[in-house]
Amino acid sequence: MTSFRVRPATTADVWAIQILVEPLVNERILLGKDLVVFYEAVQEFRVAVAPDGRVIGCGALHVMWHDLAEVRTLAVASEWLGKGVGHVLLEHIERDAHTLGLQRLFCLTFETAFFTRHGFEPVNEELVDPAVFAQLSLSPDEGVAEFLDLSRVKPNTLGNTRMLKRL
Ligand SMILES: CC(=O)SCCNC(=O)CCNC(=O)[C@H](O)C(C)(C)COP(=O)(O)OP(=O)(O)OC[C@H]1O[C@@H](n2cnc3c(N)ncnc32)[C@H](O)[C@@H]1OP(=O)(O)O
């Protein structure tokens, strides 16, 4: 049986995370981030680790508002796809979201079948009221700009589906 475990990321995992996501960034599946941004976000990340210690998957939870967070940078190494790694990472991320008191999980993805099977539904409507929208637009975070669907980031999100899960 293939075994792996999921644990909080440490700074020692950051290079491996960047290497894991690089091909997906090149394919414009995931948003590219500078190394410094990964270090700054290290507490948001969980990693899946093979028995030999290699990082084979990652995923992050980015809090945006008191009830709302985004699942980010969920990625599994190609040789480990279809073995439940993504499923377990998402379970951990959802558990973290519960612990933080969040009620809604957003994601922007091409992997609609995977997220649908995990209780996410496509959304077209605005997910925040105008006052919260105004606050979120002050964020320097590119992912938040994508959540808000700001015109300057629209080229990044072409073909992605906006999905939401109520926890
Ligand atoms: C919010 C964002 O980050 S959006 C970006 C999402 N990521 C990407 O698009 C990057 C490219 N894609 C990937 O890296 C992967 O395809 C992911 C992360 C979407 C899914 O990762 P995987 O590890 O392959 O997912 P996982 O194995 O859990 O599920 C896929 C299928 O494998 C099968 N599977 C095999 N073994 C198992 C197991 N032990 N447990 C669960 N499912 C299993 C299931 O049939 C499952 O089917 P389902 O989708 O109907 O549940």
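Me: In which helix is the place of A134?
Reply: This is a predicted model. A134 falls within residues 130-136. That run is helix 5.

Me: Is A134 buried, partly exposed or exposed?
Reply: Buried means under 20% relative accessible area, and exposed means over 50%. A134 has a relative accessible area of 44%. That value lies between the two limits, so A134 is partly exposed.

Me: What distance separates the C-alpha atoms of A134 and L148?
Reply: Along the chain, A134 and L148 are 14 residues apart. In space, their C-alpha atoms are separated by 9.8 Å.

Me: Why does R7 count as buried?
Reply: R7 is part of strand 1, residues 5-8. The cut-off for buried is under 20% relative accessible area. R7 counts as buried because its relative accessibility is 17%.

Me: Which side chain does R7 join in a polar contact of 2.7 Å?
Reply: Stay with R7 in strand 1. Its side chain makes a polar contact of 2.7 Å. The partner is the side chain of D13.

Me: Where is N160 found, and is N160 buried or exposed?
Reply: N160 is in the loop between helix 7 (154-157) and strand 7 (161-166). Its relative accessible area is 17%. Buried means under 20%. Therefore N160 is buried.

Me: The backbone nitrogen of which residue lies 3.4 Å from a polar atom of the side chain of N160?
Reply: Look at the side chain of N160. A polar atom there lies 3.4 Å from a backbone nitrogen. That nitrogen belongs to T109.

Me: A backbone N or O atom of which residue lies 2.7 Å from an oxygen atom of the ligand?
Reply: Take three backbone contacts with ligand oxygen. For T73, the distance from a polar backbone atom is 3.2 Å. For V85, a backbone N or O atom lies 3.5 Å away. The distance of 2.7 Å belongs to G86.

Me: How much of the accessible area of the ligand does the protein cover?
Reply: On its own, the ligand has 980 Å² of accessible area. The share covered by the protein is 72%.

Me: Which element gives the most to the shell around the ligand?
Reply: The ligand sits in the largest pocket. Four elements give two or more residues to its shell: helix 3 (85-99), helix 4 (112-117), strand 5 (104-109) and strand 4 (68-76). One gives six residues, the most. That element is strand 4.

Me: How many nonpolar residues has the shell around the ligand?
Reply: There are 23 residues around the ligand. By class, four are charged and six are polar. The nonpolar residues number 13.

Terms used:
Residues numbered from 1 in each chain as written. Predicted model: local features only at pLDDT ≥ 70, side-chain atom pairs only at ≥ 80, totals over all residues. Heavy atoms only, no water. Near = heavy atom within 4 Å. Polar contact = N/O pair within 3.5 Å; in protein donor to acceptor, adjacent residues only side chain to side chain. Areas by Shrake-Rupley, 256 points an atom, 1.4 Å probe, with all protein chains shown as cover. 1 Å grid on protein atoms, 1.4 Å probe; cavity = no way out; pocket = protein on both sides within 12 Å on 5 of 7 lines; lining within 4 Å. Sits in = over half its atoms within 2 Å of the grid points. Nonpolar A, V, L, I, M, F, W, Y, C, P; charged D, E, K, R; others polar. Buried < 20%, exposed > 50% of the residue type's maximum accessible area, 1.4 Å probe, protein only.
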